[in-house]
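Welcome to a short guided tour. Keep your viewer open, and select each residue or element as we come to it.

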Amino acid sequence: MAANQSHERVLAIDAQPRMLASLQALAASRALPLDTTDSLGEARTMLAGGCHGVVLLDPGMPDGNGEGLELIRELRDGPGDVDVVVFTADPSSLAPVQALRHGASDFLRKPCSPEELLVTVQNTLERRDLSRRNREISSRLRRSERLYQYIVDSSPDLIYVLDDEGRFTFVNDTIQRLLGYQPEMLLGRHFSQIITRADRALAQCCFNERRTGDRATRGLELRLQPARGGNPVYVDLNAMGMYGDGDGEPAGHFLGTYGVARDVTERKHAEAIIRHQAHHDMLTGLPNRVLFQDRLRQTLAQARRAQTSAAVLFLDLDRFKMVNDSLGHSFGDRLLENVARRLRECLREGDTLARMGGDEFTILLPKLEREDSAARVAEKCVTALEQPFSLDEQEIYLGVSIGIAVYPQHGETMESLVKHADAAMYHAKAQEAAHFAFYDANMGSRLDHYLSMETGLRRALGNDELSVVYQPQVDASDGRITCLEALLRWQHPERGAIPPMDFIPVAEQTGLIVPISLWLLREACRECLALGEPGDPPRLAVNLSSLQVEQPDFVDGVVDVLNSTGFPPERLEFEITEHLLLRNTDTVVDKLRELSGRDITFAIDDFGTGYSSLSYLQRLPIHTLKIDQSFIQGLQNGGDEATLVQTIVAMARGLGLAVVAEGVETTEQMRVLQSMNCHSMQGYLFSRPLPASAFGHLGQQGTGTPCPSTTQVNAGSRR
Ligand code: C2E
Ligand code: MG
Ligand code: MG
């Protein structure tokens, strides 16, 4: 008899002490923990202790009266788990039935061999042991099953099992959060019910995957359909087939599919945003260069096939850089948004408006009936951007220059069309009157233009192609010339006179402006001195560029010119723009002060276009404000200009500054200005810029001498 593993004790209840004694001897020899009693009452007390698992009972106890059987029932129904082996001398054939019916687990009839008795008890103990272990295992199983269920249900991923026909046999709770289905609703339903129509064919071979291992579905993207409709949910699917392993199911028999689907909707949205950003300009939301090129490529392919025409428009804003530099980038950004909005309104649905960067935009007109149509769109854009923009209570005037290249006559490839539209735009910008231009084979590219301008300029300085002309500032009350503004001229050997607005930006970008400016200053000082000394000679005004002022030896250079030419510094006035003042103000202020200390004066040129604050007027040695010609030209129209000019004049008087009105072209403008008490003027009405020789007699001019060039006005020099 094996050792009792559960260490449960056995209680023998028998009326015969001899029987109990021999049982005890037997148990001792087999290390069976056995207690004995001959009284049912004592037995109850001992059993209450709970350490007995098996009771060996002779129900025919003398104090019995059927109480033995009663005890068996009590033990069966009671809370404890006790097995009763009935051991009786009752010869009745019903005794075993009766015992078992009352709840005994085994039956032995006296007399029996000690072995038989022990084997029966031992078997009972072992059975108990087994069933206890069974209970333990199933409880552990239940616990682990609950744990798995918990893990599966709280997984963020959708976990499912399909049968061999693709119907759900299991789906975790995630389906509810993801698609709004109760898991039970789907059991027995075919998986295709939750797949969007568009992805069903794809899902057919993957969602219901039959393959296993490396060949199974991994990372497949599918769209699932929520129970109540709406946007599909993107999932990343891993699925594999399940096969019988011979344990219950025939080995190799297809049982169904096990799968995990991860919600990747947010990632898909993020990807969509990134894709959008790769093809669109963040600021305006317009297509960017990449998307524009893509659309142009498609348009050209179609135009080639259908033998139709298309146009590319290249737009560059005028004056944007100045606004951006003086009012700040965030202001500039908002202005660009407004520009984009206005341009979009000029176009039809199939047209593409793109931002190429900075203040450059392109337009693609894919179906062009006639060349005129492109011109009409350009005109529309020009008109739209001519209207002032109101931002932060500021009125901003921008304007635009547009170049047009038409397929196929101006270019057959994407690159050539864009390049030629750009060249035409550059051409339009250089033309004062035109706002847009069609490409012409004679126009070089922007780069060609720039390069030829650069080499030309380098040569110009040594080749005597540069010269200085002078435009007088006049006191309109008596016609006296008070000042001559030196203006640079370039006579190109092949291209003729090139306007300063065309070549000065190139000179600034290449740095050539520095030696050229120094040359001009020396030349102007020399020529003005040569005009003659006596009387009240006019002063000399010279324009400064930012790059020039930024040079560390700028002050030394000026002083050197004054010393070497002997030009009196108090007759020299430098014209600076508001724009120049806004860049690195501190160093600029120091340099201007130093020159001011040497009696040189300063004028703010093109005043009113810089959108800057007026605080610098107090910080700087400013002597004169030159009101920009755009305001003067608007004087007759009865618009806001009159009020503006009036305000500037009053403000200048208040600050003790002189005022000069630039670009005075008509006597009407002159009269209005005089009525505003502004008498100092410059403009074609009095004289165009002329070589120094035209002012040869000025050294002798006295008070009241009229401007010699007013006669020129009458001679028809006005534009
Ligand atoms: P700015 O200094 O404002 O010069 C006045 C410009 O207005 C000159 O143009 C002049 O010819 C033009 N102008 C004068 N009166 C009238 C008029 O009644 N009507 C019209 N429509 N225009 C008039 P220009 O010579 O073409 O010079 C343009 C600009 O180029 C100058 O503007 C100045 O900013 C710059 N510039 C010219 N010479 C130099 C120079 O030597 N150095 C620097 N840094 N810039 C220069
Ligand atoms: Mg000037
Ligand atoms: Mg000016």
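Start by selecting N543 together with ligand 1: a polar atom in the side chain of N543 sits 2.9 Å from an oxygen atom of ligand 1. Please keep in mind along the way that this is a predicted model.

**Stop 1: around ligand 1**

Stay with ligand 1 and add two more side chains. In D606, a side-chain N or O atom is 3.0 Å from an oxygen atom of the ligand. In E662, a polar side-chain atom lies 3.1 Å from an oxygen atom of ligand 1. How much of ligand 1 does the protein bury? Taken alone, the ligand exposes 790 Å², and the protein buries 87% of that.

Now colour the elements that give two or more residues to the shell around ligand 1: β19 (480-492), α16 (500-510), β23 and α23 (629-633). Strand β19 gives the largest share, with four residues. Next, show the whole shell of 25 residues; the closest are Q471, R489, D605, E665 and Y684. Sorted by type, the shell holds 10 nonpolar, seven polar and eight charged residues.

**Stop 2: the magnesium ion called ligand 2**

Select ligand 2, a magnesium ion, and then its protein donors: E485 (OE), N543 (OD1), E575 (OE) and D605 (OD), which lie 2.0 to 2.2 Å from the ion. You have already met N543, whose side chain has a polar atom 2.9 Å from an oxygen atom of ligand 1. Along the chain, the donors of ligand 2 follow the spacing E-x57-N-x31-E-x29-D. Pick out E575 in strand β22 (residues 572-577) and D605 in strand β23; this pair links distant parts of the chain, 30 residues apart. Are E575 and D605 buried or exposed? Both are buried.

**Stop 3: the magnesium ion called ligand 3**

Which residue coordinates both magnesium ions? It is D605, and the two ions, ligand 2 and ligand 3, are 4.1 Å apart. Click on ligand 3 and show its protein donors: D605 (OD), D606 (OD) and two OE entries from E662, at 2.0 to 2.6 Å from the ion. Their spacing along the chain is D-D-x55-E. Here too a pair links distant parts of the chain: D606 is in strand β23 (residues 601-607), while E662 is in the loop between β25 (658-661) and α25 (667-675), 56 residues away. Compare how covered they are: D606 counts as partly exposed because its relative accessibility is 26%, whereas E662 counts as buried because its value is 7%.

**Stop 4: the nonpolar cores**

Hide the ligands and select Y470, L540 and F574. These are the residues with the most contacts inside the largest nonpolar core, which has 78 residues. Helix α17 (residues 513-530) supplies the largest share of this core, seven residues. Then move to a second, separate core of 35 residues, which includes L286, A311, L365 and L385.

**Stop 5: two last selections**

Select D14, in the loop between β1 (9-13) and α1 (17-29). D14 is buried, with a relative accessible area of 3%. Add K110, and you will find a polar contact of 2.6 Å joining the two side chains, D14 and K110.

Finish at L40, in helix α2 (residues 40-48). L40 is buried, at a relative accessible area of 2%. Draw a line from the C-alpha of L40 to that of I137: the two residues are 97 apart in sequence and 36 Å apart in space.

Notes:
Residues numbered from 1 in each chain as written. Chains lettered and ligands numbered in written order. Predicted model: local features only at pLDDT ≥ 70, side-chain atom pairs only at ≥ 80, totals over all residues. Heavy atoms only, no water. Donors = N, O, S within 2.8 Å, 3.2 Å for Na, K, Ca; no water. Buried < 20%, exposed > 50% of the residue type's maximum accessible area, 1.4 Å probe, protein only. Near = heavy atom within 4 Å. Polar contact = N/O pair within 3.5 Å; in protein donor to acceptor, adjacent residues only side chain to side chain. Areas by Shrake-Rupley, 256 points an atom, 1.4 Å probe, with all protein chains shown as cover. Nonpolar A, V, L, I, M, F, W, Y, C, P; charged D, E, K, R; others polar. Core = buried A, V, L, I, M, F, W, Y, C linked by side-chain atoms within 4.5 Å.
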